[in-house]
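Subject: The structure I promised you

Hi,

Here is the structure we talked about, ready for you to open. Have a look around, then read on for what turned up.

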Amino acid sequence: RCIVTAAMGDEDNKPQDMATEPPDAGAGLDDPEEGQTASKAAMAVQNKMNLATAPIRTYLDATVVPVLLQGLSALVKERPANPVEYLATYLLQNNPQGSS
């Protein structure tokens, strides 16, 4: 609820009680597609925040382990002379977050 005082020039100058009503249950967004986009963006931000505060194992399982396992599988198949350099190159080329 909000209380508004009368505008200057009114003789009453008594506070007026104005109740702010919640939107109707059936009220929705003007553009449902825009709402879905905003919802997805909010979820992405939330997931990023969750990863930033997640325990180490959860963070690694969600961000590094999938691409690392793929890289190790490729490494085992190729068996290059310099495996560390091979794995580093693989990880850089297959980074799901793009280049940084």
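Before we get to the loops, a quick word on terms: helices (H or I, at least four residues) and strands (E, at least two) are DSSP runs, numbered from the N terminus. With that in hand, Arg79 can be placed in the loop between α3 (65-78) and α4 (83-93). Please keep in mind that this is a predicted model.

Now the overall picture. The protein has 4 helices and 2 strands, and if you follow the sequence along, they come in the pattern β-β-α-α-α-α. How many of the residues are buried? Of the 100 residues, 9% count as buried. The protein exposes about 8900 Å², and carbon and sulfur atoms supply 57% of that area. As for contacts in the protein with a separation of 6 or more, 7% of them come from residues 24 or more positions apart.

Back to Arg79, since there is something to see in its backbone. Most residues other than glycine have a negative phi. Arg79 is not a glycine, yet its phi is positive, about 50°. Is this residue buried or exposed? Arg79 counts as exposed because its relative accessibility is 67%, and the cut-off for exposed is over 50%.

Next, have a look at helix α2 (residues 56-63). Side chains of opposite charge can pair when their charged atoms come close. Which side chains meet in a salt bridge here? They are those of Arg57 and Asp61, with 3.2 Å from N to O. The count for the protein comes to 1 salt bridge. Arg57 and Asp61 are 4 residues apart in helix α2, so about one helical turn separates them. Their surroundings are worth checking too: Arg57 is exposed, at 63% relative accessibility, while Asp61 is partly exposed, with a relative accessible area of 37%.

There is also a nonpolar patch on the surface, formed by Ile56, Tyr59, Leu60 and Val64. Together these residues have about 360 Å² of accessible area. One of them, Leu60, sits in helix α2. Leu60 has a relative accessibility of 35%, so it counts as partly exposed.

From Leu60 you can step across to Pro66, which is in helix α3. What does Pro66 touch, once residues up to four places away in sequence are left out? It touches Leu60 and Asp61, and that Asp61 is the one from the salt bridge with Arg57. Pro66 itself is partly exposed, at 39% relative accessibility. If you pick the C-alpha atoms of Pro66 and Pro96, you will find 9.8 Å between them, with the two residues 30 apart along the chain.

Last, the pockets. Rolling a probe the size of a water molecule over the atoms shows where empty space is left. The largest pocket has a volume of about 300 Å³. Its lining is made of 11 residues, and those nearest its centre are Thr63, Val64, Asn95, Pro96 and Gln97. Which elements give two or more residues to the lining? These are α1 (32-53) and α2, and α2 gives the most, with 3 residues. You have met two of the central names already: Val64 belongs to the nonpolar patch, and Pro96 is the partner in the C-alpha distance to Pro66.

Enjoy exploring, and write back with any questions.

Cheers

Definitions and conventions:
Residues numbered from 1 in each chain as written. Predicted model: local features only at pLDDT ≥ 70, side-chain atom pairs only at ≥ 80, totals over all residues. Heavy atoms only, no water. Salt bridge = Lys/Arg side-chain N within 4 Å of Asp/Glu carboxyl O. Buried < 20%, exposed > 50% of the residue type's maximum accessible area, 1.4 Å probe, protein only. Contact = heavy atoms within 4.5 Å. Areas by Shrake-Rupley, 256 points an atom, 1.4 Å probe, with all protein chains shown as cover. Patch = residues over 30% accessible without salt bridge, like charges linked within 9 Å, V, L, I, M, F, W, Y side chains within 5 Å. 1 Å grid on protein atoms, 1.4 Å probe; cavity = no way out; pocket = protein on both sides within 12 Å on 5 of 7 lines; lining within 4 Å. Points joined across faces, edges and corners; volume = space filled by probe spheres on them.
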